[in-house]
Amino acid sequence: MLLKTSSLFTMVFFLLMTSFQKADPGPDSTMILHFSLYVHGAPLVLNKKYKNPFGEIFEISRFRFYAGKIAPIYTDGGLKTNPSSAYHLIDFSDSASTHIELPVKGGSCNEIQFQLGIDSIDQSRGAQTGALDPVKGMFWTWNSGYQSFKIEGVSPVSDQPSHMLAYHIGGYRYPYSTVWKFKLSSDRIIRISKEDKILVEIPLELDYFFDGPNPLHIKEISACTTPGELARKLSENFISSFTGLTHTPSP
Amino acid sequence: MKKFGIISGIGFFWVMWITPFPFEVPKGFPPPVYQFQHNPRSKQGFELGRKLFYDGKLSRDGNFPCSSCHQQFAAFATYEHRLSHGFNNKLSFRNAPGLFNLAWEQEMHWDGGINHIEVQPLAPLLDPHEMAEDLNQIIGKLKNDRAYPALFNQTFGSPGINSQRILKALAQFTASLVSADTKYDRVKRGEAQFNQYEKTGFEIFQQKCARCHQEPLFTDLSYRNTGMEADSTLKDYGRMRITGRKEDSLKFRVPSLRNVFLTFPYGHDGRFTTISEVLEHYNTGIVQSPTLDSSLRKGITITENDRFYLISFLGTLTDSSFIKNPLYSDPQMGVRDLPPEDIH
């Protein structure tokens with residue numbers, strides 16, 4: 001009973017406090033980030049046959065990754081707000097998931113920082129929900145942790161059952177972390193003002209995933225489903241497939 | 001602002017409704033790792049977790065509740081089984097450990113692959129050799145149940161069943177399984193005395209075993225290679241599976257020796273049937289390998305006499321009030337005094 005009474009007081013206190021608090025000036029505008037997936041410079045169509053830079057035929061049926069800690073970097077002094085703590089599961093078979101709305105402050109920016117995958121603190125928070133709900137199929141149950149990205153498909157040169165491709169890439173522990181914090185730049189200054197929503201495209205080019213810092217020949221590696229050195233290498237390829245920012249000023 | 005007001009309003013009524021259920025740290029125990037942060041322990045949450053733990057609905061064919069491999073009369077290990085039975089006549093990959101004092105463990109499983117108590121159940125729930133179920137199926141079954149929707153509502157203060165709520169409720173139960181009322185504990189509290197055999201055994205234990213099996217949890221929670229060759233069929237290299245590091249080959253979690261009389265067979269693959277066999281392994285059976293624990297290079301000399309006294313002492317680590325505590329028992333069946341006849 002004592003606890004209940006004290007909780008009552010706490011609640012009343014909080015209600016009073018919040019009514020006296022000044023309103024936060026809030027964000028000035030909304031930046032809409034749109035992730036898009038390309039192959040040979042053209043939008044990738046799921047379940048369609050392509051050739052990778054090594055001439056190997058493949059098709060992609062599933063392509064997902066986690067993006068988080070997103071924030072624009074302003075030309076006049078870096079970050080203006082703390083990066084959003086939210087994580088987003090980008091899934092190219094669900095077009096709604098490829099758009100992220102980010103509240104931003106006004107100013108000029110030419111870079112955006114973000115993180116691929118879930119960092120070690122957020123990996124060990126126990127049962128989570130939303131984008132991190134294990135029902136999303138991105139959580140490893142026997143070696144707790146969220147995968148950073150998942151690419152599935154088929155290729156005639158794959159030696160897996162049914163010629164499957166399964167790149168389930170994760171791991172957040174040193175030295176084989178697949179979590180990367182990095183910046184993407186735009187060749188133009190992005191001006192954020194109160195009037196407009198800003199649309200920024202973040203393209204991924206699959207050619208660079210195959211022909212990346214660690215050339216990925218499907219014939220040699222058609223699956224990777226555990227954390228380790230290979231997963232780490234393929235994550236290096238993945239971030240090299242982000243080619244920069246494309247900003248289309250609103251009409 | 002308005003939203004905050006509404007949320008606090010709901011929170012207020014919920015706080016009035018749930019029954020707080022404070023967690024008591026046993027005397028002499030360190031502070032637990034899991035302190036029910038973001039999962040405030042309540043009578044409702046504990047009871048919901050307990051019901052889920054004993055409910056076959058969480059498994060694909062209904063036959064494998066958590067309690068099928070974690071039996072209270074065996075201190076929540078699987079009684080007399082090297083490996084446990086799972087869905088479709090499959091055997092599990094490792095020996096099921098007893099479940100107690102889990103709130104003190106940051107990592108779980110023989111290889112430490114689990115990084116938080118709340119996500120542990122995902123491993124057996126989804127493993128095709130164990131409960132073999134799918135999360136969405138479980139959520140669907142619970143939503144269609146007569147009792148669960150109301151129980152989740154009462155526990156979490158709003159309607160809805162999702163994976164997070166299932167896992168948090170299970171953690172309320174499993175983190176509450178505290179075993180700290182053995183004869184050893186009573187001796188430590190000054191309420192009982194070891195007999196002469198137990199006393200001598202405790203002294204030998206402190207010299208020869210306590211380096212890894214540290215009091216009061218009787219494990220230092222580290223991973224060590226104790227000179228057990230990998231089984232040729234299981235090919236289990238322990239911690240290396242998690243870290244990918246060669247240095248971790250054949251390392252397994254040091255198990256607690258609390259309730260050790262009840263948790264046989266022993267070892268990560270249950271290869272030792274009796275405590276005597278385990279002691280003999282340390283005496284003469286250590287297999288040399290590069291990652292062997294440095295303290296075991298020459299084995300541990302355990303004489304016939306040592307063995308007798310050690311076993312006398314280990315008997316004082318059995319917590320009979322824990323295995324008969326009605327709070328932890330099957331809410332439908334109550335406490336079982338003895339293993340049921342149809343156990344196999």
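# Pairing, burial and confidence

Q: Which residue is the bridge partner of Ala71(A) in E7(A)?
A: In E7(A), Ala71(A) has Gln113(A) as its bridge partner. This is a predicted model, where local features need pLDDT of at least 70, side-chain atom pairs count only at pLDDT 80 or more, totals for chains, interfaces and linings use all residues, and side-chain values use heavy atoms, with hydrogens and water left out. As for the labels, residues are numbered from 1 along each chain as its sequence is written, while chains are lettered from A and ligands numbered from 1 in the order in which they are written.

Q: What makes E4(A) and strand E7 (residues 107-116) of chain A a pair?
A: Two strands pair if DSSP finds at least two bridges between them. Six bridges join E4(A) to E7(A), and the two run antiparallel, so they pair by that rule. Strands themselves are DSSP runs (E, at least two residues), just as helices are (H or I, at least four), all numbered from the N terminus. Chain A comes to four helices and 14 strands.

Q: Which other strands does E4(A) pair with, and how do you know?
A: Count the bridges again. Strand E9 (residues 145-154) of chain A shares six with E4(A), in the antiparallel sense, and Ile60(A) stands opposite Gly153(A) there. Strand E5 (residues 87-91) of chain A is joined to E4(A) by five, also antiparallel; in that strand Asp91(A) faces Arg64(A). Strand E3 (residues 50-51) of chain A has two bridges to E4(A), again antiparallel, so it just meets the minimum of two. Tyr50(A) stands opposite Phe58(A) in E4(A). The hairpin of E3(A) and E4(A) has five residues between the strands, and in it Gly55(A) takes a positive phi near 80°.

Q: Why is strand E4 (residues 57-74) of chain A described as largely enclosed?
A: Because 15 of its 18 residues are buried, the rest of the structure largely encloses it. Buried means under 20% relative accessible area, exposed means over 50%, and partly exposed lies in between (1.4 Å probe, protein chains only). In chain A as a whole, 49% of the 251 residues count as buried.

Q: Why is Cys109(A) called buried?
A: Its relative accessible area is 0%, which falls under the 20% cut-off, so the word fits. Cys224(A), at 4%, is buried too.

Q: How many disulfides does a search of the whole structure find?
A: Zero, over all chains. To count, a pair of cysteine sulfur atoms has to lie within 2.5 Å.

Q: Why is Gly315(B) called partly exposed?
A: Gly315(B) has a relative accessible area of 27%, and that sits between 20% and 50%, so partly exposed is the right label. You'll find Gly315(B) in the loop between helix H12 (304-314) and helix H13 (320-323) of chain B.

Q: How confident is the predictor in chain A?
A: pLDDT is the predictor's confidence in each residue, from 0 to 100. Chain A averages 88, and 88% of its residues score at least 70. Among the elements of chain A, E9(A) has the highest mean pLDDT (98) and helix H1 (residues 2-20) of chain A the lowest (48). Over residues 10-22 of chain A the pLDDT is below 50, and that stretch has eight contacts in the model beyond near neighbours in sequence; a contact means heavy atoms within 4.5 Å.
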